[in-house]
Amino acid sequence: MQIATFNVNSVKARLPRVLEWLEAAQPDVVLLQELKCVDDEFPRLEIEGLGYNAEVHGQKSYNGVAILSKRPIEDVRRGLPGDQSDEQARYIEATISGVRVASIYLPNGNPVEDDAKYGYKLRWMERLAAHVQDTLLPSEAPVVLGGDYNVCPTDDDVYDPDGWADDALCKPETRNRFRRLLNLGLTEAYRALHPNEAHRYSYWDYVKGRWQKDEGLRIDHLLLSARAADRLEACDIDKSPRGKEKPSDHTPVWCRLSE
């Protein structure tokens, strides 16, 4: 089973890029983020025309996540538990062929001086850790949590560590909460198979020639429970979509699990 995560930065604006990538890569499961559309405006016909089922948790103009699968999608949950007042569409999970998958669009958190931004990010990460610990891991199903985490786990994951040191994506409090997720027993798939590869990125800003100069960030991750990690065969970053015309500023990250 090949599972990919892809922040598309507006599914309607990037639809040609998304469709051509789906046709070329043929992933079994796709975790999309930053749809920037409500459920009714999701391009379901085009996606289903390529053989995918789709479950969507959208929001007008902002956020939005989805799960695509060539296999049946079961037991769908929309929204991250722990705060009934949180209306942002950043989390959806479901079961596919016995694997519990989630598409995550973790808050950016900038500016860090604003509690409504950075405080929300940290509290969201705490809610995610609690859900993993209390619900997902006790289920004993293989779990794959993929998405745009808006976290550079280490200085090896950012092109300019000093310049980004005080950014919400790199601050120690952010990295500590990401490590707490891993310490629950999750495996970061890319780093598990590429332990010594520094400065491989999944995001490049549109400005200042960041893509052309390979000045990026690795913020899109696939976290696996022990039962999923035992089945991990491969994981990599597919840079090809980022070099296309009018691309997303992110590019897909994928992993393959044995059946």
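**Helix packing and the largest pocket**

Right after helix H1 comes Gln26, with a positive phi near 55°. The model is a predicted one, so to speak filtered by confidence: local features need pLDDT of at least 70 and side-chain atom pairs 80 or more, while totals for chains, interfaces and linings use all residues. Numbering starts from 1 along each chain as its sequence is written, and side-chain values use heavy atoms, with hydrogens and water left out.

Within H1 itself (residues 15-25), the buried set (under 20% relative accessible area, 1.4 Å probe, protein chains only) is made up of Leu15, Arg17, Val18, Leu19, Trp21 and Leu22. These buried residues pack against strands S1 (2-7), S2 (29-33) and S4 (65-69), plus helix H2 (44-48). Contact here means heavy atoms within 4.5 Å.

Further along, H3 (residues 115-136) and H4 (residues 172-183) have axes that come within 10 Å and cross at roughly 10°. The pair is therefore roughly parallel, a label for angles under 35 degrees. On the H3 side the contact includes Tyr118, Leu122 and Met125, which meet H4 residues including Arg177, Phe178 and Leu181. Sorted by class, this contact has eight nonpolar, two polar and five charged residues.

As for empty space, the largest pocket has a volume of about 560 Å³. Its lining runs to 31 residues, with Tyr105, Asn108, Gly109, Asn110 and Asn150 nearest the centre. H3 turns up again here, giving the most to the lining with three residues. By class, the pocket lining has twelve nonpolar, nine polar and ten charged residues.

Terms used:
Axes fitted to C-alpha atoms, helices over the stretch in contact; angles between N-to-C directions. Helix = DSSP H or I, 4+ residues; strand = E, 2+ residues; numbered from the N terminus. Parallel < 35°, antiparallel > 145°, perpendicular 65-115°, else oblique. Nonpolar A, V, L, I, M, F, W, Y, C, P; charged D, E, K, R; others polar. 1 Å grid on protein atoms, 1.4 Å probe; cavity = no way out; pocket = protein on both sides within 12 Å on 5 of 7 lines; lining within 4 Å. Points joined across faces, edges and corners; volume = space filled by probe spheres on them. Buried < 20%, exposed > 50% of the residue type's maximum accessible area, 1.4 Å probe, protein only.
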